[in-house]
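Biologist: I'd like a close look at a single part of this one, and then how that part sits among the rest. Could you walk me through it at bench level?

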Amino acid sequence: MRIKIFAVGGTIDKVYFDKLSEYQVGLPNVKEILSHLPIAFEYEIESLLRKDSLDMDDSDRELVRARVAAEPCAKIILTHGTDTMIETAKRLSDIPGKCMVLTGAMQPAHFKSSDAEFNVGVAVGAVSALPDGVYIAMNGRIFDPFKCRKNRERGVFEEIT
């Protein structure tokens, strides 16, 4: 099995720069996460954006959509900031013939307490098993982007009815 991973940015890729006393979106951390694991699939990582999702606009989402639509691989994971992940997922929802799973983290992947590794693992399982469509893999669950929301108070994604 082959998976294409598009890194869009977000907290999962944030790095603390001491000199600047702030976080910035760095290189895709999914490469480091996967390089330490005994995995049984092939993958390729492509960095599309290095933005906090709150800084993304319609042109950024169109770039992501165009690149995903043009990708020949049918199994796609996108690492993305959690604040606007749902918006991007909805923008991808009309792309046929692909299983697309968006995931991210509530804390940077370099933090010991980060959920990044767990969420990437769930995303890999989801893209391996689910039919074509677009999904969100967060907090140990798979969500329909049209039926979920980010609960900032609890720090989790949850289903809405």
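Which residues are buried in H2?

Modeller: A quick word on the ground rules. This is a predicted model, where local features need pLDDT of at least 70 and side-chain atom pairs count only at pLDDT 80 or more, while totals for chains, interfaces and linings use all residues. Residues are numbered from 1 along each chain as its sequence is written, and side-chain values use heavy atoms, with hydrogens and water left out.

Now your helix. Asp60, Arg61, Val64, Arg65 and Val68 are the buried ones in H2, buried being under 20% relative accessible area, exposed over 50% and partly exposed in between (1.4 Å probe, protein chains only). They sit on the same side of H2, because they cover an arc of only 135° around the axis, going by the directions from the helix axis to the C-beta atoms. That fits a general rule: an α-helix has 3.6 residues a turn, so residues three or four places apart point the same way. Asp58 and Ala70, on the other side of H2, are exposed.

As for its length, H2 counts 13 residues and spans 18 Å between its first and last C-alpha, close to the expected 18 Å. That expectation is 1.5 Å times one less than the number of residues. Helices here are DSSP runs of H or I with at least four residues, strands are runs of E with at least two, and both are numbered from the N terminus.

What lies over that buried side? The cover includes S1, strand S4 (42-51), S5, helix H3 (85-92) and S6.

Both flanks of H2 are worth a look. Ahead of the helix, Ser53 is in the loop between S4 and H2, and at 2% relative accessibility it counts as buried. Leaving out residues up to four places away in sequence, Ser53 touches Arg61, His80, Gly81, Thr82, Asp83 and Thr84, a contact being heavy atoms within 4.5 Å. So Arg61 turns up twice: it is among the buried residues of H2, and Ser53 touches it. Ser53 also lies 5.6 Å from Gly10, C-alpha to C-alpha, although 43 residues separate the two in sequence.

Past the other end, Glu71 lies in the loop between helix H2 (58-70) and S5. Glu71 is buried as well, with 4% relative accessibility. Its contacts, neighbours within four places aside, are Arg2, Lys4, Phe6, Ile76 and Lys98.

For another helix, take H4 (residues 116-129). Its 14 residues reach 20 Å from first C-alpha to last, close to the 20 Å expected. Among the buried residues of H4 are Val120, Ala123, Val124 and Val127. Their cover includes strand S1 (2-9), helix H1 (30-35), strand S5 (75-79), strand S6 (99-103), strand S7 (133-138) and strand S8 (141-143). S1, S5 and S6 are also in the cover of H2.

On to the C-terminal strands. Strand S9 (residues 148-151) and S10 pair in the antiparallel sense over four bridges; for strands to pair, DSSP has to find at least two bridges between them. They form a hairpin with four residues in between, and Gly155 in the turn has a positive phi of about 70°. Cys148 faces Glu159 in S10. Cys148 is buried at 5% relative accessibility, and Cys99 is buried at 1%. Still, the structure holds zero disulfides, a disulfide being a pair of cysteine sulfur atoms within 2.5 Å.

Then the aromatics. Rings of Phe, Tyr and Trp (its six-membered ring) pair if their centres lie within 6.5 Å, with planes under 30 degrees apart called stacked, over 60 edge-to-face and the rest tilted. That gives two aromatic pairs. Phe41 and Tyr43 have ring centres 6.0 Å apart and planes at 55°, so they are tilted. Phe41 is buried at 14%, whereas Tyr43 is partly exposed at 29%. Phe143 and Phe157 are tilted too, because their planes meet at 40°, with centres 6.4 Å apart. With Phe143 in S8 and Phe157 in strand S10 (residues 156-159), this pair ties together parts 14 residues apart in sequence. Phe143 is buried at 3% and Phe157 at 4%.

Zooming out, the chain has four helices and ten strands. Of its 161 residues, 49% are buried. Among contacts with a separation of 6 or more, 61% join residues 24 or more positions apart.
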